[in-house]
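Me: Hi! Could you walk me through this protein? I'm new to reading structures.

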Amino acid sequence: MSPGNYRPVSLTSVVGKMMESIIRDKLVKHMMDHNLCCNEQHGFVPGRSCMTQLLVTLEIWSQLIDSGAPIDVLYFRKAFDTVPHQRLLKKLVSYGVTGKLLDWIKNFLSGRRQRVVVNGELSAWADILSGIPQGSVLGPILFVIFINDLPDVVRSTTKIFADDTKLFRAIRTHEDHEIIQQDLDNLVKWSRDWQLGFNESKCKILHLGSSNPGMEYSMNAVTLDETTNEKDLGVFIDKELKFHSHISKAVSKASRMLGLIRATFTCLDTSTVPKLYSTLVRPHLEYGNVIWHPRFRGDKLEIEKVQRRATKLIPELRHLPYEERIRHLKLPSLEHRRRRGDMIQTFKILNGIDRIDQHMFFPMTNKSTTRGHSQKIAKKHSKLSMRQTVFSQRVVNDWNSLPEIVINSPSLNTFKSSLDNIWFEEQYRLP
């Protein structure tokens, strides 16, 4: 019901989008070749994604909490509303974008108009004087370039995905609290200088760690709201990092979709159910599971129950045990798929497919052995169960037990095929 929730979306031709793609690829290559992109940005840059940002963040958080340090996290959800065109062009020039390309981008941004259609009624046309065109191909990378210097004005750690930004710091002393408040003041000044205002009502504080003092913070003299469960790039983060809430929401969504399939389709057989389930239901249960991988047996059972119910939709298989149903339908258990996903993510990090620091996650072992392979990972010492089950810790045993021929796969697809071959019998077994 609030007009502020809506943004204009640009409708452009296919030919125009192809031209934008060419310009975007050249811009990205220029930024990457000259190492101009800030390391904190994970959106719309090669080798980065939502998962790489969350993996790096959770690795840092879990190490700090395991060492006994509480953390204050500040989320800036959809903080930026407009991008001033002249300031954007100035930043492009500072990054070496000049000449005809700069003129082309200037022309791309200028001369745009918009109007609103409600129940068939049209508003008058209005000139667009600022902002990145929503729905364009080139828009995201222009926005990334515009906020590229944002981490330079703060002392705390920042992680960015497009316009979703979070700032965090371990709170060991009162000085750490003051540093975060100073960072907020610097961000406000930065936003004023570059005419990108923050929406304080959408900025939240999450206090992590059992000994967290729960300090307050403010922006523009407005005290920011605290939260105990924040949606971060599609994954719900709770203050104890147990992910109960996220798992509950994922199971609920998947169950509703399964109920919709049951009510909509009359022919539910061994051909249609696996396709419908793997396309419409299972993605809800697997998005981001390298982050929220369940460490409690109850959570694992709740997730697996959805697939159990899905396989029972087929009348001729209902009387069979669950293990036989999934084997007949060639649907691996969800526990197995999570393990497989962990191995794939490990391969991507160690082989540079995902552009994040592999040494942050995996210190390689120096022990020489005639068994196993040459890329064995050393397991770090940890105190808390939360830290013991985080991605970089839980994958160690499975990865170290893989044979050399799988580890040394020349490509990601070859690795997946080899892994599936050696784990073929395990995919239908329940832990």
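Reply: Happy to! One term to begin with: helices and strands here are DSSP runs, with at least four residues for a helix and at least two for a strand, numbered from the N terminus. Keep in mind that this is a predicted model.

Me: Cool. How many helices and strands does the protein have?

Reply: There are 18 helices and 13 strands.

Me: And is the whole thing compact or not, for a globular protein of that length?

Reply: The protein is as compact as a globular protein of its length, because its radius of gyration of 24 Å is close to the 22 Å that the globule rule gives for 431 residues. Along the principal axes, the C-alpha atoms fill a box of roughly 65 × 60 × 45 Å.

Me: Let's zoom in. At what angle do helix 7 and helix 10 cross?

Reply: Their axes cross at roughly 10° and come within 10 Å. Helix 7 covers residues 244–264, and helix 10 covers residues 297–311.

Me: So what do we call that arrangement of helix 7 and helix 10?

Reply: Roughly parallel, because angles under 35 degrees count that way.

Me: Which residues of the two helices meet?

Reply: From helix 7 you have His244, Ile247, Val251, Ala254, Ser255 and Leu258. They meet Asp299, Glu302, Ile303, Val306, Arg309 and Ala310 in helix 10. By class, this contact has seven nonpolar, two polar and three charged residues.

Me: Nice. New topic: how many cavities of 30 Å³ or more are there?

Reply: Three. The largest cavity has a volume of about 110 Å³.

Me: What lines the largest cavity?

Reply: Its lining has 15 residues, and Phe243, Ile291, His293, Arg295 and Thr389 lie nearest the centre. Helix 9 and helix 15 (391–394) each give at least two residues to this lining. The classes are 10 nonpolar, two polar and three charged.

Me: And pockets? What is the volume of the second largest one?

Reply: The second largest pocket has a volume of about 330 Å³. It is lined by 17 residues, with Glu286, Asn289, Val290, Gly341 and Ile344 closest to its centre. Helix 9 (289–292), helix 12 (334–350) and helix 18 (412–422) are the elements that each supply two or more lining residues.

Me: Which helix gives the largest share of that pocket's lining?

Reply: Helix 12, with seven residues.

Me: Last one: what classes of residue line the second largest pocket?

Reply: Five are nonpolar, five are polar and seven are charged.

Notes
Residues numbered from 1 in each chain as written. Predicted model: local features only at pLDDT ≥ 70, side-chain atom pairs only at ≥ 80, totals over all residues. Heavy atoms only, no water. Axes fitted to C-alpha atoms, helices over the stretch in contact; angles between N-to-C directions. Parallel < 35°, antiparallel > 145°, perpendicular 65-115°, else oblique. Contact = heavy atoms within 4.5 Å. Nonpolar A, V, L, I, M, F, W, Y, C, P; charged D, E, K, R; others polar. 1 Å grid on protein atoms, 1.4 Å probe; cavity = no way out; pocket = protein on both sides within 12 Å on 5 of 7 lines; lining within 4 Å. Points joined across faces, edges and corners; volume = space filled by probe spheres on them. Rg over C-alpha atoms; globule rule 2.2 N^0.38 Å.
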